Amino acid sequence: MSYSATFLEWEITSACNASCPQCPRNYYGGKTWHSLPIVQVDRKWAEQHLSIEFIESLTHIDFCGTYGDPIMNNNLIDIVEWLQSVNPSVYITIKTNGGIRNANWWAKLGSILNGAVYFALDGLADTNHLYRRGVNFDDVIVNARAFMAAGGTAHWAYIVFKHNQHQVEEARELAANLGFSDFNVKLTSRFFDKKHVLTDSLEVNDANPYTISIPDNSIYVNNSYQKINFVGKDYAATVTINCKFKQLKRVYLSAEGYVFPCGWLHDRMYGFEAEQHPDHERLITLFDIAGGKEMANVNHTPIDQIVHGKWFETLEASWTNDSRLHRCGMMCGEKVDIIKDQNKHIRFDS
Ligand SMILES: C[S@@+](CC[C@H](N)C(=O)[O-])C[C@H]1O[C@@H](n2cnc3c(N)ncnc32)[C@H](O)[C@@H]1O
Ligand code: SF4
Ligand code: SF4
């Protein structure tokens, strides 16, 4: 089976300045997960590991990822300049909490970027930090203004919780007044407890613990919750899988060099939920079937060989045999579309 990609999601670092409670990089908003390798790549690494032909074949590069914030990478602007010199028409998006670096740095990014930055602002000055822990709302606004004033295109991405549901329309208006090009409302699908069971609220790991909860206004609740309860517990193991990322010609590259169709599989490598989940062992078994972890990592195997070789063949085969990942059934099973239900107002997102 052939797999061709025109869209690269690239995690250029696994470092982050924040600790969002539903991010796999930390323990419910507390410390960074002990086994997460903290790495950042640079232009030289990219030149060595991503071929010119591969970069030229892409129409879109999305600096997002599973465990880090791209702005933490000190080489981001250098990498963007290199990519745009190799492929001047490539469109680059950057997903960030927006809380670090100064206005000069953001102005420089705004002046060179052919693409857009998605600022994750889940609320206003009195609420954003309840989920974006460690991020100062006013700093993000200063940074976004400097970026836009220099010509950058900015989107405001807003995840709705009970604590910020009353501010959605006020934030939408502020976004328009400040010059953001778009305002995206995201209905999270991440309310699972420590036993992977759906729940309405989670306790945040803080010196003074508090809870974050699903909105009680139903227009902000992800419809997939009802559907997951309805389809039953064998759903992920038995449903027909249509790999979304293969259909969309997307591929994912992690900060430590692993290549997957999507970040949802990278998410099974480290973290409290991942390492407890049977998928963690299954993923290791899949690496073994493909000839070892090196077969999936660009530090050891060229990206074209990974995508057209044993690693992607093994993953594709797993969708119809006993080695399938629960994750694949859940995210790409034909009866529930968590991501479509999550992104009510946007095309497609991670
Ligand atoms: C690990 S983050 C990497 C990018 C960047 N650090 C950020 O947060 O935007 C990957 C994506 O997950 C999103 N995300 C974080 N917490 C979420 C939640 N509870 N529900 C849905 N998406 C979430 C982020 O907004 C981002 O789009
Ligand atoms: S900003 Fe992004 S990477 Fe950082 S903790 Fe939040 S979701 Fe995770
Ligand atoms: S979860 Fe599995 S099936 Fe879905 S996009 Fe990722 S690799 Fe493909």
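This report describes two ligand shells, one helix pair and one loop residue in a predicted model.

The model is predicted, with local features needing pLDDT of at least 70 and side-chain atom pairs counting only at pLDDT 80 or more, while totals for chains, interfaces and linings use all residues. Residues are numbered from 1 along each chain as its sequence is written, chains are lettered from A and ligands numbered from 1 in the order in which they are written, and side-chain values use heavy atoms, with hydrogens and water left out.

**Ligand shells**

The shell around ligand 3, counted as residues with a heavy atom within 4 Å of the molecule, consists of Ile241, Cys243, Lys244, Phe245, Pro261, Cys262, Trp264, Leu265, Trp319, Arg327, Cys328 and Cys332. At least two residues of this shell come from each of α10 (244-247), α11 (263-266) and α16 (326-332), and α16 supplies the largest share, three residues. Ligand 2 is surrounded by Cys16, Ala18, Cys20, Cys23, Arg25, Gly68, Asp69, Asn97 and Arg132. In the table, Ala, Val, Leu, Ile, Met, Phe, Trp, Tyr, Cys and Pro count as nonpolar, Asp, Glu, Lys and Arg as charged, and the others, Gly among them, as polar.

| Shell | Nonpolar | Polar | Charged |
|---|---|---|---|
| Ligand 3 | 10 residues | no residues | two residues |
| Ligand 2 | four residues | two residues | three residues |

**Helix pair**

Helix α3 (residues 76-86) packs with helix α4 (residues 103-112) at an angle of about 10 degrees, the axes being 11 Å apart, and α3 is therefore roughly parallel to α4 (angles under 35 degrees count as such). In this contact (heavy atoms within 4.5 Å), α3 contributes Leu76, Ile77, Val80, Glu81 and Gln84, and α4 contributes Trp105, Lys108, Leu109 and Ile112. These residues divide into six nonpolar, one polar and two charged.

**Loop residue**

Thr59 belongs to the loop between α2 (52-56) and β2 (60-63), and, its neighbours within four places in sequence left aside, Thr59 is in contact with Thr6, Ser89, Val90 and Tyr91.

Key. Axes fitted to C-alpha atoms, helices over the stretch in contact; angles between N-to-C directions. Helix = DSSP H or I, 4+ residues; strand = E, 2+ residues; numbered from the N terminus. Parallel < 35°, antiparallel > 145°, perpendicular 65-115°, else oblique.
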